[in-house]
Amino acid sequence: MRRMSVFPQHGRALGNLGLSANEIQQEVENKTSELVSDLVNLSARARFQAIRSLPMAFDERKRMRNRVNSVKHSKTIIPANCRQQVSRSFRRFRAGLASAHRYLTIWHDTLKDIGGRFGTSVLSYFLFLKWLLKFNLFSLIINFCFITIPQIVHAPNISSVTGFRGLELLTGVGHFNQTVLYYGGYNGEVIASKPVYNMQLAYFFTIAAYLVLCGVSLIYSMSRSFQKNFVLETGPVSGGAWRLLCSWDFSVVNEKAIQYNKNNLAVQLKESLSERLQEKDKMSLSDRIKHLSLNILAWLISLGLAVGCSAGIYFLGTDQELAFSFNHNPNDLTAEASTLLLPVVVSLINLIVPLLYSLISKMESYSNPRAKIYIIIVRNIVLKMSILGILCSYWLNIVPEKVSCWESFVGQSVYRLLIFDFIFCLFGIFYGEFLLNVIGTTCIQSLGVPEFDIARNVLDLIYAQTLAWIGIYFSPLLPVIQVLKLFIIFYLKKISLSMNCQPPKHSGRAAQIQTVFIALLFFPSFVGALSMVSFTVWSLKPSDECGPFQGLDTPFHTIFNWTASIQGPPETNWVWWIFENVLRSELFYYLISLIILVITYFLWQITQGRKQLIKILRQQIVNEGKDKAFLLNKMQNLQKQRRESVSYSPQDYDQTPHFNPNWMNTLPLDM
C-alpha cells in the first residue's frame, strides 16, 4: 500500500508547481479518494490503526473514518441496519441457548450454592452423586426402551398376579414377582414385526452395551482424574508455598465458609510441615516396635470383624427356613417378612462396623491424617466387598439348586438390599448428624458441630452402585430404585449439610483422594459386578421355567443360535465368518492382549520419559536460581568494594598555587 498521506510526495507545496486553486483542490481530492480506497481494502484492525496513525488533526481523522465507513457500507449487499438486527438476533439466540442449558442442567444452581458455602471438597461428594445418577438414568432409558417396552407391548409374560398388600415395597416379592421388574417377567419369544425383534438378543446386547459403556467411562474418568490430581500436582507445586499462595477456593462467598477455609488452610499447612518434620525425625526402635504392634493388632481386629460378619451373613443366608420358606408358600406374610432379616443384618453391619473401625484407628494414633483416611477406606472396602462376595457366592452356587426361577430370586434379594441401604442411610442422616448436632451444640458443647464425613458417604454410594450393577441382569428396572434413591439422598444430604454439619477440617486431603474414589468404583466395585454378570452369562444354566433364556445351556448360547440362523443367506455369511473365525478364536484374544500390553508399555515408557524430563527441567530451574543468587552476591560484593574504594579518607593536599601559561587558549573563540 502506498504511503498514507493526503500531501504529495517529496514535500513540495502544490502552489509552487503553478497550479490553480481548483487544480490543487482536485489533486487533494484525488489523493484523499485513493487513501480511502486503500483503507477500505484493509481489515478492520489494520484500518483502525492506519487511520489512527494519519498525520492529521483529530477532527480530520474522524471525518476520514466516517467517509471510509460510508464507502465500506455502500459496497455491502445487506444494509447496516439489517446486519445489526441479524447480529443482535444471533446474540440473543446464543444467550437463550446458554440460559436454557443452565436451566436444563440438573442441580446447576444448587451445586454452585453448595460449593460457595462449603467449598469444593464437600462439593465433590455431590458431584460424585450426580455422576452416578447419570449412569443409572442411562441404564434406565436403554433398558426401558429396548427390553421393557417391547415386552409389555407385544408379549406380556404374566401368568398369575398376586394382589398388592403393601409389604412388597420392602420385600420386592408378591405382586412384583411376575412383573417386568425382574428377570422372570420376560420371555425369549421373537416378536413378529418388520424387522423381527428377538427378545433374547435385545436382553443380552442391551445389558452388555451398558456395562461396556460404564467401563469405558470409568477408565476415562479415572485417567483424567489421575492426570489432574497426581501427575500435575506432584513435586514443588504441592508444597507449602503453593498451598499458601495458590490454593484459595475463590468460589466460596459465604463468610462462615470463608472462615472455615482459612482454618482448613492453616490445618493443611500444619500437616505439610508435620510431614516434613516426620521425615527428619526418626523413631526409636522401641517406639517402632510399639507402633508396629498396635498396627498389627488393629488390622487383626479389623479383619476379624470382617471375617466374622461375612461368616454370619453366610450362615444366615443358607438357612433353609429363612431363605426359601417364602418361595414355597407365596401367600404366607410371615414367610415374606422373614426375607427382610438378611438385608436388615447387612445394613446394620455396614452402619455399625465402620464406626468401630474409626475407634480402632484412634487407638493407632496416626500422625499423618492422609494415612489414617486411606487405612479406614481400605478396611471399609474389605468389609463391604467381603459381604458382597459371600452373597454373590451364595446366589450363584446355592440358589440355582434350590429355586426354580433363581434369577428373579437374586433380583429380589438385591432389591431388598438397596431398599434397606436407603432406609439405614436415612437413619444415619437423622441419628448420625441431626442428633450429634443437637448434642454438640446444647448438651456437650465440647463436641461441637459434627463434620461432614466425605469418605464414609462416598463409600456408601459406591456400595449402593455396586448392588445396582450386580442386579442389572436379574432386574432390568432396578435403576428406577437407584435413581429415586439418589434423588432423595441428594436433597436430604443438602438439607442436613446446611443445618447439622460443617466442612471437614482436612478438606484438602479429602479432595485429593477423589481419584481414589473413582478407582475404587472401578475396582473392585465395577470389576466385581462385571465378573459376576459375566460368570452368570457364560457358565450358569438359566432357569427352565422363566426368563428369556429358558431352554438354553447358557445365556451366551443365544449368540450361537443367532449366528447359526444367519449362516444361510449369502449376504450375512461375513457375520458368521467373523464370529466363528475371529471372535471364537483364542488367537484373536491373544493378539488383542499382546497389542494392549505393547501399547501400555510404550505409554508407560513415554510417561517415564516425561517424568524424567520434568525432573531435569525442575533441576535446571533450581540451578538457574542458584546462578542468580551467585551473581547477585557477586554484584553486591563488587558494589561494596567500589563504595569502599571511593569513600572519603584524609589525605595530604599540596597547597602550592600553580600558574598555567597557556591560559589564553582556554578562552572561547568568540570573545
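Visitor: On which residue is the kink in H21 centred?
Guide: This is a predicted model, and in it helix H21 runs over residues 514–539. The helix has a kink of about 30°. The centre of that kink is Phe526.

Visitor: How far apart are the end C-alpha atoms of H21?
Guide: H21 has 26 residues, and at 1.5 Å a residue they should span 38 Å. The distance in the model agrees with that expectation. The end C-alpha atoms are separated by 36 Å.

Visitor: Which two residues does a cis peptide bond join?
Guide: The omega angle of this bond is about 10°. One of the two partners, Pro524, belongs to helix H21. The cis bond joins Phe523 and Pro524.

Visitor: Which backbone oxygen does the side chain of Ser531 reach?
Guide: Ser531 is a residue of helix H21. Its side chain comes to 2.7 Å from a backbone oxygen. That oxygen belongs to Val527.

Visitor: Is Ser531 buried, partly exposed or exposed?
Guide: Buried means under 20% relative accessible area and exposed means over 50%. Ser531 has a relative accessibility of 42%. Ser531 therefore counts as partly exposed.

Visitor: What distance separates the C-alpha atoms of Ser531 and Ile470?
Guide: Along the chain, Ser531 and Ile470 are 61 residues apart. In space, their C-alpha atoms are separated by 9.2 Å.

Visitor: At which residue does H6 bend?
Guide: Helix H6 covers residues 120–154, which is 35 residues. From its first C-alpha to its last it reaches 49 Å, close to the 51 Å expected at 1.5 Å a residue. The helix bends by about 45°, and the bend is at Phe144.

Visitor: Which residue just after H5 takes a positive phi?
Guide: Helix H5 spans residues 108–118, and its buried residues are Leu111, Ile114, Gly115, Gly116 and Phe118. Just after this helix comes a phi of about 90°. The residue with that positive phi is Gly119.

Visitor: How many salt bridges are there?
Guide: A salt bridge needs a side-chain nitrogen of Lys or Arg within 4 Å of a carboxyl oxygen of Asp or Glu. Lys493 and Glu433 form one of these, at 3.4 Å from N to O. By this rule the count is eight.

Visitor: How many residues apart are Lys493 and Glu433?
Guide: The salt bridge between Lys493 and Glu433 links distant parts of the chain. Lys493 is in helix H19 (residues 478–500), while Glu433 is in helix H17 (residues 406–443). Both residues are buried. Along the chain they are 60 residues apart.

Visitor: Where do Arg456 and Asp460 both lie?
Guide: Arg456 and Asp460 form a salt bridge whose closest N and O atoms are 3.9 Å apart. The two residues are four apart in the chain, about one turn of the helix. Both lie in helix H18, residues 454–470.

Visitor: Which residues are joined into one network by salt bridges that share partners?
Guide: Arg456 forms a salt bridge with Asp453 at 3.8 Å and another with Asp460 at 3.9 Å. The network is made of Lys384, Asp453, Arg456 and Asp460.

Visitor: Is Asp453 buried, partly exposed or exposed?
Guide: The limits are under 20% for buried and over 50% for exposed. Asp453 has a relative accessible area of 35%, so it falls in between. Asp453 is partly exposed.

Visitor: What is the relative accessible area of Tyr182?
Guide: Tyr182 sits in the loop between helix H7 (168–171) and strand E1 (190–191). Its C-alpha is 9.4 Å from that of Gly471, although the two are 289 residues apart along the chain. Tyr182 is buried, with a relative accessible area of 0%.

Visitor: Is Gly428 buried or exposed?
Guide: Gly428 lies in helix H17, and its C-alpha is 7.8 Å from that of Leu351, 77 residues away along the chain. The cut-off for buried is under 20% relative accessible area. Gly428 has 19%, so it is buried.

Visitor: What is the area of the nonpolar surface patch that includes Leu587?
Guide: Leu587 lies in helix H24 (residues 586–646), and at 53% relative accessibility it counts as exposed. The other members of the patch are Tyr590, Leu591, Leu594, Val598, Tyr601, Phe602 and Trp604. The patch has an area of about 830 Å².

Note on methods. Residues are numbered from 1 along each chain as its sequence is written. This is a predicted model: local features need pLDDT of at least 70, side-chain atom pairs count only at pLDDT 80 or more; totals for chains, interfaces and linings use all residues. Side-chain values use heavy atoms; hydrogens and water are left out. Buried means under 20% relative accessible area, exposed over 50%, partly exposed in between (1.4 Å probe, protein chains only). A polar contact is a pair of N or O atoms within 3.5 Å; within protein, one must be able to donate a hydrogen and the other to accept it, and residues adjacent in sequence count only if both atoms are side-chain atoms. Patches are made of residues with over 30% relative accessible area and no salt bridge: like charges are joined within 9 Å, nonpolar side chains (Val, Leu, Ile, Met, Phe, Trp, Tyr) within 5 Å. Accessible areas come from the Shrake-Rupley method with a 1.4 Å probe; for residues, only the protein chains shown count as cover. The expected span of a helix is 1.5 Å times one less than its number of residues. The bend at a residue is the angle between axes fitted to the seven residues ending there and the seven starting there.
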